[in-house]
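Colleague: Hi! I am new to reading protein models, so could we go through one together, question by question?

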Amino acid sequence: MRNISGWASKCSMKLDKNAPKCGVLVWKCSKRERGDRQLLEESHSVPRVSIILPTYNRAKLVCRAIDSVWEQSFSDFELIVVDDGSTDDSREILESLYGGRARFRYCYQQHHNVSSARNLGIAMARGELLAFIDSDDAWLPTKLAQQVSAMDDADLLMVHTGRLLMEELGCRRASLPFYCDPLARDRSDLLGGIGKVAMSVLVRKSAVESVGKFDEELQTTQDLDLWLRIARIGKIALIEQPLMKSYKQVDGIMSRDLGQKVRDRLEVFKRVLAEPHPLIVEHNWRAAIARHEDFLANHLNEQQSTVHLHQDKS
């Protein structure tokens, strides 16, 4: 059999004119190379887990996330990196470091938002289970193994884990009004408004597709919106052990983004109350709405005061 381990490094990366309008990046190969690629894909069974990593101008960070995936003790996965229109050298770095790996898939779309990138990854995914990792996060080595074992429970739709919050030198971290600081142990905690879900989830692809994937109209808080919809239809669980490191970057949420994040949270909270469910504790959600509305009003007043101060100085 021909040596096909390095087929990807022999292919040039170009936008296929026949690719979907989103501008999906495909490998353009010769006939011989396409044959090698087919042999390579056929030599590997469909993975159980599809890991989706959206990225945008994170060339200096994304490799940490990817390397933590390769270090997993569980190996029956594919990694799908969706580049949401990066203008830095992400493409070249990813091609040179990972392009020849059979479980690595990379696609490029015109810049839209993180939900669009995740949804494209979901559409590409072949595994029955989906995991999501952001380009500024990292996993501990046994994360997938423990979650996949938990998902042997056929009634379980989603499992998330504890996380370690890491603040890098020079990071300015924005403060938001209290909302569900404890992690949700089950769907009662999440729908009851007393627990949140970290981005460390492993979830059945069928569940995500049945509730409608990530809402691309929301600029933030898209994950909470999706987890709440999944909790409405079935069982979720928590592995309390921290199995993910969540890094806060200087290019993350800053003061100018706080207003939008609070507005999006309010939209999601109001959606919860708009659709009754036996596990929803109404007074918890109304209290969260009140806190966020107060925070938003104060935030807008502070912004207005800052504008007036600058105008007076000028």
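Colleague: Let me start with a small detail: which backbone nitrogen does the side chain of Ser 86 reach?

Modeller: Good place to begin, and please keep in mind that this is a predicted model. Ser 86 lies in the loop between S4 and helix H3. Leaving out residues up to four places away in sequence, Ser 86 touches Thr 55, Tyr 56, Asn 57 and Tyr 108. From among these, the side chain of Ser 86 reaches, at 2.7 Å, the backbone nitrogen of Asn 57.

Colleague: Is Ser 86 buried or exposed?

Modeller: Here we need the cut-off: buried means under 20% relative accessible area. Ser 86 has a relative accessibility of 9%, so the label is buried.

Colleague: Where is Thr 220, and why does Thr 220 count as buried?

Modeller: Thr 220 sits in the loop between H7 and H8. Beyond its neighbours within four places in sequence, Thr 220 is in contact with Gln 260, Lys 261 and Asp 264. Its side chain also shares a polar contact of 3.1 Å with the side chain of Thr 221. Thr 220 counts as buried because its relative accessible area is 18%.

Colleague: Now a whole helix: how many residues of H4 are buried?

Modeller: H4 covers residues 114–124 and is mostly covered. Its buried residues include Ser 115, Arg 118, Leu 120 and Met 124. They pack against several elements, among them strand S3, strand S5 and helix H8. Of the 11 residues in H4, the number buried is 9.

Colleague: Which residue caps the N-terminal end of H4?

Modeller: Look for a side-chain oxygen beside a backbone nitrogen at that end of the helix. The backbone nitrogen belongs to Ser 115, and the oxygen lies 3.2 Å from it. The residue that supplies this oxygen, and so caps H4, is Asn 113.

Colleague: How far apart in space are Leu 202 and Leu 144?

Modeller: Leu 202 is in strand S9, and its relative accessibility is 0%, so Leu 202 counts as buried. Leu 144 is one of the residues in contact with Leu 202, along with others such as Val 49, Leu 130 and Met 158. The two leucines are 58 residues apart in sequence, yet from C-alpha to C-alpha the distance is 8.0 Å.

Colleague: Which element gives the largest share of the largest nonpolar core?

Modeller: In soluble globular proteins, nonpolar side chains tend to be buried together. The largest nonpolar core here has 44 residues, and Phe 132, Leu 190, Trp 227 and Ile 230 have the most contacts inside it. The largest share of this core is 6 residues, and they come from H8.

Colleague: What does Phe 132 touch in H4?

Modeller: Not counting residues up to four places away in sequence, Phe 132 touches residues including Ile 52, Trp 139 and Trp 227. Two further residues on its list, Arg 118 and Ile 122, are among the buried residues of H4. From H4, then, the names are Arg 118 and Ile 122.

Colleague: How many disulfides does the structure hold?

Modeller: Let us look at two cysteines before counting. Cys 63 is part of a second, separate core of 31 residues, and with 16% relative accessibility Cys 63 counts as buried. Cys 107 is buried as well, at 1%. The number of disulfides in the structure is 0.

Note on methods. Residues are numbered from 1 along each chain as its sequence is written. This is a predicted model: local features need pLDDT of at least 70, side-chain atom pairs count only at pLDDT 80 or more; totals for chains, interfaces and linings use all residues. Side-chain values use heavy atoms; hydrogens and water are left out. Buried means under 20% relative accessible area, exposed over 50%, partly exposed in between (1.4 Å probe, protein chains only). Helices (H or I, at least four residues) and strands (E, at least two) are DSSP runs, numbered from the N terminus. Contact means heavy atoms within 4.5 Å. A polar contact is a pair of N or O atoms within 3.5 Å; within protein, one must be able to donate a hydrogen and the other to accept it, and residues adjacent in sequence count only if both atoms are side-chain atoms. A nonpolar core is a set of buried Ala, Val, Leu, Ile, Met, Phe, Trp, Tyr and Cys residues joined through side-chain atoms within 4.5 Å. A disulfide is a pair of cysteine sulfur atoms within 2.5 Å.
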